[in-house]
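Got your viewer open? Load the model and get your selection tool ready.

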Amino acid sequence: MRYPFLDLATVNEPYLDDLAAAAERVIRSGRYIGGPEVEALEADLCAMTGTTYAIGVSNGLDALRLILRAYKEMGVMKDGDEVIYPANTYIASVLAITDNGLTPVPVDIDERTMNLDTSLLESVVTDRTRAIMTVHLYGRVAWDERLVETARRHGLKIIEDCAQALGARTLADGLHGSHHAGALGDAAAISFYPTKNIGALGDAGAVLTHDEELARTVRALANYGADRRYHNIYCGLNCRLDPIQAAMLRVKLPHIADENADRFARALAYGRAIDRQDIILPVMSREVNDHVWHQYVIRVPATKRESFMSRLAEQGIGTDIHYAVPPHRQPCYSSMPHGPLPVTDRLAGEIVSLPIGHGISVADAAEIGCVINSLEF
């Protein structure tokens, strides 16, 4: 395709020499589990987000799983407790909840932002609710005063699924003074899956928190439940971050502001170029960098989506859907009880992701917009 949806070889090409040098550094070090590469990345994440603790882990799903498991070990949660989450999310958000014997409670989304509709939170809080998982989907920060007020009123933890929004900021105050995604709530999960704005060359993730006890518990759980060698205080897991991936990320992390700025410019170009009554564009923000555009998601009529994507493919333009089937509609959760989720269900049939990553330029985004304007579908 002229404009593939994502080409990871192209994404990583500018970093090839530095990535090779970083890999060689790790290989020659002889330290292949933990060590200075992981510790340095953790320090960089703390400095970048304003959080107090960072723990490198194996991937974003494990980061969420470890946060919830740690809260159970700390006595904050127990089997059957409820965790509220936005119905429009990747399935990892829900897998982390059910894997810990907790009960997922989906809440519908705001049609404009496609993120958690915080006006609905009070209606689903019960005496078993222990946490709200807010998901910064597509790179847009999902955080406001109503979320914070609801959590405080009911004594709930706020967990950020920050898999797609590293580097984003918001004007609203976080619980601990930071305005950076990943440091707003009680704990956050980061994913460095290769497709992310800053991705590893394999699976990688991190847990961020201001809570010393949570950080200590997560670190132990991720290392077989051990607080020191051969001393296992929990029945833990093996969810450690490989130092070679930490080294790869240390090469790329300093460029995250530039990467996010480039994505914003492409999103702006799309917004200026696409001019059709039958296509709904994502909301642009000009006040603060509260959206780092991990995905650029438009909406087309559900009955025309397949034709729309096919016509773009014929023009050499790749597309994707994030996500065509929400978690509560997946076969593995067919028996999960939930109330009506009309916005999530409707948007799942309409959304289309356009190329937004390093493989296209601002001019390319404008050209793709012009092609979209001329399409018959």
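Here is a short walk through a pocket and some charged pairs.

This is a predicted model, where local features need pLDDT of at least 70, side-chain atom pairs count only at pLDDT 80 or more, and totals for chains, interfaces and linings use all residues. Residues are numbered from 1 along each chain as its sequence is written, and side-chain values use heavy atoms, with hydrogens and water left out.

Start with D62 and R65. They form a salt bridge, with the closest N and O atoms 2.4 Å apart (a side-chain nitrogen of Lys or Arg within 4 Å of a carboxyl oxygen of Asp or Glu). Both sit in helix 4, three residues apart, about one turn of the helix; helices are DSSP runs of H or I with at least four residues, strands runs of E with at least two, numbered from the N terminus. D62 and R65 are both buried (under 20% relative accessible area; exposed is over 50%, partly exposed in between, with a 1.4 Å probe and protein chains only).

Now add D99. R65 also bridges to D99, the closest N and O atoms being 2.9 Å apart. R65 is in helix 4 and D99 in helix 5, so this pair ties together parts that are 34 residues apart in sequence. D99 is partly exposed, at 47% relative accessibility.

Next, select E350 and R299: another salt bridge, closest N and O atoms 3.0 Å apart. E350 is in the loop between helix 12 (342–348) and strand 11 (351–354), and R299 in strand 10, so the pair ties together parts 51 residues apart in sequence. Add E111 and R346 to see the network that shared partners make with R299 and E350.
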